[in-house]
Amino acid sequence: MPQPLSRELNNLLERGRDRQLRLAVTGLSQAGKTAFLTSLVNQLRHAGLEAKLDLLPAAREGRLLGAKRLNQPDLGVPRFPYDPGMAALDDTPPRWPAPTRGISELRLELRFKPAQSGWFTPETAKLTLDLFDYPGEWLLDLPLLQHDFYSWCQAQAQHQGPHRRALFNEWHASVEALDPAKPVDETTLASISKQYADGLKRAKQAGFSDLQPGRFLLPGELEDAPVLQFFPLPDLSQPQETLDALPEESLYATLKARFRYYQQQVVRPFYRDHFRRFDRQIVLVDVLGALNAGPERFEDLSQALGQLMQSFNYGKRSLLTRMFAPKIDRLAIAATKADHVTPDQHANVVTLLESLLAEPLKDLRYANVPVKAFSLAAIRATQTREVQENGQRTPALRGTTLEGEEVLLYPGDVPSRLPTAEFWQRQGFDYPSFRPMSRDTDALDHIRMDAALDWLIGDKLQ
């Protein structure tokens, strides 16, 4: 039997026995996907040794024996760069793992002792865990599958706040002079498309999240290809039927054709090959970064996440769905970088995250999909200290900024629900970005990675 076919049959058998899970680690750019995956592999590799996994019963009870890396199922996809990530954390000074710039996969085989013993229970059992990493910028494109060019233009025009719009001033000046009905040459299209891409990059640097098309931010092999030379038309006053009737050489028809090609030949294969096959999901959200960035960016993050979560297939699993049509049957949502605020604020971070995702969570609960919220730090960057101030002991954080400055600070109070106008007026929240801490054990220090692991895979380690 040919090796690829044999491998697929084995995967199908393991999925039928429920001994294989595909985990979607979902997050926008800078949400911490690479750090999370690096820590996840590290924690499972060191289970039963230095890893602190008390909130994962299989580890706490000594039943989780460890994990090893296997060859991933798709030999045409690069392996997740776990070793380079660990090398960065071990550097002097420590560095964060490099951001994801392409697709990668990793397969882990977990070995554990079943919780119950019996005549037909093996002494040890195995669980295969497939992990997938990708640029967060590309994730932004999944909602495009719900649009045609006309509706996408309208959607983009609806969330142009004043700060965001100012970042696209050059592009707005150019696109407003265009007539959708007239032909346009390739040079003009390329020039205006670059202005739009430059605006997206400035918006990303300014803390905005809802940025489409995502490949404009990280083109990969599509750099300078015509498929990335299109943009929305912001002020469509004519009915869609009128615009759709314009000749092929018109600006509108040209942009519409390129949007369609991008949607069908770039976005849809990415979704089909990777995002339709997940069993469990964790959505990582940089809530604290959005608080730092201000109200317009915070609302932009909420919109981006709300659209994104409509792109996944949620529901209860059965034998047939496990084997042939996987559905995400359990979801974790996690506010990352919990070590950037003091522990007394962690509960507020969780309730704020739940408020941010209130509408998608209602739909998931209606579909009877279990959801749990966490605040976590996949790789800890600060230590908690108490300082004496006005005769009282107050919590503070000690860490080293990315610039190398050692600081002791209290970042501020996190609102427990969506921020009010009063909060934004006083803007009482501010924190720097920290370097990862140096470590003296092989296992990475973390906050609540074990709780997240228990929710995502703990029921499969019984």
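## Overall size and makeup

For a protein of 462 residues, a compact globule would be expected to have a radius of gyration near 23 Å, and the 24 Å of this protein agrees with that; the radius is taken over C-alpha atoms, and the globule rule is 2.2 Å times the number of residues to the power 0.38. This is a predicted model, in which local features need pLDDT of at least 70 and side-chain atom pairs count only at pLDDT 80 or more, while totals for chains, interfaces and linings use all residues. Residues are numbered from 1 along each chain as its sequence is written, and side-chain values use heavy atoms, with hydrogens and water left out.

Along its principal axes, the C-alpha trace spans about 75 × 75 × 45 Å. The protein has 18 helices and 10 strands, which are DSSP runs numbered from the N terminus (helices are H or I, at least four residues; strands are E, at least two).

## Burial and contacts

Buried residues make up 52% of the 462 residues, where buried means under 20% relative accessible area, exposed over 50%, and partly exposed in between (1.4 Å probe, protein chains only). Of the contacts with a separation of 6 or more, 77% come from residues 24 or more positions apart, a contact being heavy atoms within 4.5 Å.

## One buried residue

Gln281 lies in strand E5, which covers residues 280-285, and this residue is buried, with a relative accessible area of 0%. Leaving aside neighbours within four places in sequence, the contacts of Gln281 include Leu23, Thr26, Phe312, Tyr314, Arg330 and Leu456.
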